[in-house]
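Biologist: I should like to learn how to read the features of a structural model. Please take me through them one at a time.

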Amino acid sequence: MISWNDYYGAPCPGSSSSFSGQETVVLEKADLLSGLPVRGIRFGPDCFRFRIVPALALTPSGPAYLVYNGWTMSKIYNGRGYLGLVTVTGSPALGNVVWSEQTLSMPATSIPPKAYDGLAGVYLDTGDDRFQSAVWQNGILWTGGNTGCVPPGDAYTRSCLRLVQASTTTPSLLQSFDVGLAGGHLMYPAVAVDHDGNMFVTFSAISSTSYAGVWAGYQAASGPLYQIGGPVAIHYGEAAYRCSFDSLQWGAYRWGDYSGAGLDPADPSTVWLTGEYAAAGTVDCNWGNWTAQVRLLQQPTPTPTPSPTPTPYRLWLPFIIKW
């Protein structure tokens, strides 16, 4: 499945931008693998969904799923927050592809503020509140994107992460929560799960004491819910990020738009995380990518003396590459 947004056609009603709808195409996988002419079914364009994200399916059988942040478009149409959950069944080869959809109510997101780099005195663009990535395994779907929130201990709205977990077995919202940094900004998350259902997330982080770098967190399949463990730095930013052309276009230096996360097919107890960091150097728009392999290790529960605060898991980063 491939989804995208259309622009500069006939603008959608009520849209103040050039957005003219989204489209999704379902392609016959067997044709792709064999090199034959590819059969496909097209949905859209339509103006009622924005930035649909196909979920990476780790379970080998079952329907395909797509998600979108209903709040992004509901600000125009009906003013409520929801997770749009799309189920696709059938095959283009058989001509029986069916698109069905449910809306799962969730707290509304908001457009995040620009991220302020206190060390350099510049702003980075944080985009909008669309979902960034999605993954599905054994009836559980994770997705996430940017939002605005006031982190605990802060008095100002910052760019935060919105992470969402849903059940597709009996469609329902399981979790929807924000992750923020007091005095700093988090942005552009990507999610992955290992074979045990542990969720990993990578994202960019910037604060008054650190340049834009790559970070990672996790939520174990056994909980606790509504929070992530860690987080740990995969790679700190090395310098202030400046990109003169984008500053003129966006009012801030453009960052993102996406991070990356995926299961290791040779070792499904580990996942690979990739994100952007501000690279050292004098070149304009000088950014880099940093990739890490991570695994969740279980630690022994400490002996109560007298009442422990258990930290049963930690992230293991056995291999890191820079490119």
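The dialogue below treats the overall make-up, a sheet, ring pairs, a glycine and salt bridges.

Biologist: What should one know about the origin of the coordinates, and how many helices and strands does the protein chain have?

Modeller: This is a predicted model, and every value discussed here is computed from it. The protein chain has 3 helices and 23 strands.

Biologist: How much of the chain is buried?

Modeller: Burial is judged from relative accessible area, with under 20% counting as buried. Of the 323 residues in the protein chain, 50% are buried. The accessible surface comes to about 14900 Å², and carbon and sulfur atoms hold 56% of that surface. Contacts complete the overview: among those with a separation of 6 or more, 53% join residues 24 or more positions apart.

Biologist: How does one read a sheet, and which strands are at its edges?

Modeller: One reads the strand order and then looks for strands that pair on one side only. Here an open sheet of 4 strands runs in the order β15-β16-β17-β18, with antiparallel pairing. Its edge strands are β15 (184–193) and β18 (229–235), each of which pairs on one side only. Direction ignored, neighbouring strands of this sheet are turned by 25 degrees against each other on average.

Biologist: Over how many bridges do β16 and β17 pair?

Modeller: Strand β16 (residues 199–207) and strand β17 (residues 213–219) pair over 7 bridges in the antiparallel sense. To locate the register on screen, take Met-199, which stands opposite Gln-219 in β17.

Biologist: How are aromatic pairs classified, and how many are found in the whole structure?

Modeller: The ring centres must lie within 6.5 Å, and planes over 60 degrees apart count as edge-to-face. A search of the whole structure finds 10 aromatic pairs. One of them joins Tyr-68 and Tyr-82: the ring centres are 6.1 Å apart and the planes stand at 80 degrees, so this pair is edge-to-face. Tyr-68 belongs to strand β6 (residues 64–69) and Tyr-82 to strand β7 (residues 82–89), so the contact ties together parts 14 residues apart in sequence. Both Tyr-68 and Tyr-82 are buried.

Biologist: What is the geometry of the pair formed by Tyr-277 and Trp-290?

Modeller: The centres of these rings are 5.7 Å apart and the planes are at 75 degrees, so Tyr-277 and Trp-290 are also edge-to-face. Tyr-277 lies in strand β21 (residues 270–278) and Trp-290 in strand β22 (residues 287–298); the pair therefore ties together parts that are 13 residues apart in sequence. Tyr-277 has a relative accessible area of 2%, so Tyr-277 is buried. Trp-290, at 14% relative accessibility, likewise counts as buried. Ring pairs may also form groups: Tyr-7, Phe-19 and Phe-50 are linked into a cluster.

Biologist: A residue without a ring may also deserve inspection. Which residues does Gly-275 touch?

Modeller: Gly-275 is in strand β21, and at 3% relative accessibility it counts as buried. Leaving aside residues up to four places away in sequence, Gly-275 touches Val-214, Ser-259, Gly-288, Asn-289 and Trp-290. The C-alpha atoms of Gly-275 and Thr-291 are 6.7 Å apart, although 16 residues separate the two along the chain.

Biologist: Turning to charged side chains, how many salt bridges are found, and are the partners Asp-31 and Arg-39 buried or exposed?

Modeller: It is useful to read the N to O distance first and then the accessibility of each partner. The search finds 9 salt bridges in the whole structure. Asp-31 and Arg-39 form one at 2.8 Å, N to O. Asp-31 is buried at 2% relative accessibility, whereas Arg-39 is partly exposed, with a relative accessible area of 41%.

Biologist: Where in the chain do Glu-101 and Arg-49 lie?

Modeller: Their side chains meet in a salt bridge of 2.8 Å, N to O. The pair links distant parts of the chain, 52 residues apart: Glu-101 is in strand β8 (residues 98–105), and Arg-49 is in the loop between β3 (40–46) and β4 (53–54). Glu-101 counts as partly exposed at 27% relative accessibility, while Arg-49 is buried at 19%. Through shared partners, salt bridges join Asp-46, Arg-49 and Glu-101 into one network.

Biologist: Are the partners Arg-158 and Asp-154 buried or exposed?

Modeller: Arg-158 and Asp-154 are both buried, and their side chains meet in a salt bridge of 2.7 Å, N to O.

Notes: Residues numbered from 1 in each chain as written. Predicted model: local features only at pLDDT ≥ 70, side-chain atom pairs only at ≥ 80, totals over all residues. Heavy atoms only, no water. Phe/Tyr/Trp six-rings, centres within 6.5 Å; stacked < 30°, edge-to-face > 60°. Helix = DSSP H or I, 4+ residues; strand = E, 2+ residues; numbered from the N terminus. Buried < 20%, exposed > 50% of the residue type's maximum accessible area, 1.4 Å probe, protein only. Contact = heavy atoms within 4.5 Å. Pairing = 2+ DSSP bridges. Axes fitted to C-alpha atoms, helices over the stretch in contact; angles between N-to-C directions. Salt bridge = Lys/Arg side-chain N within 4 Å of Asp/Glu carboxyl O. Areas by Shrake-Rupley, 256 points an atom, 1.4 Å probe, with all protein chains shown as cover.
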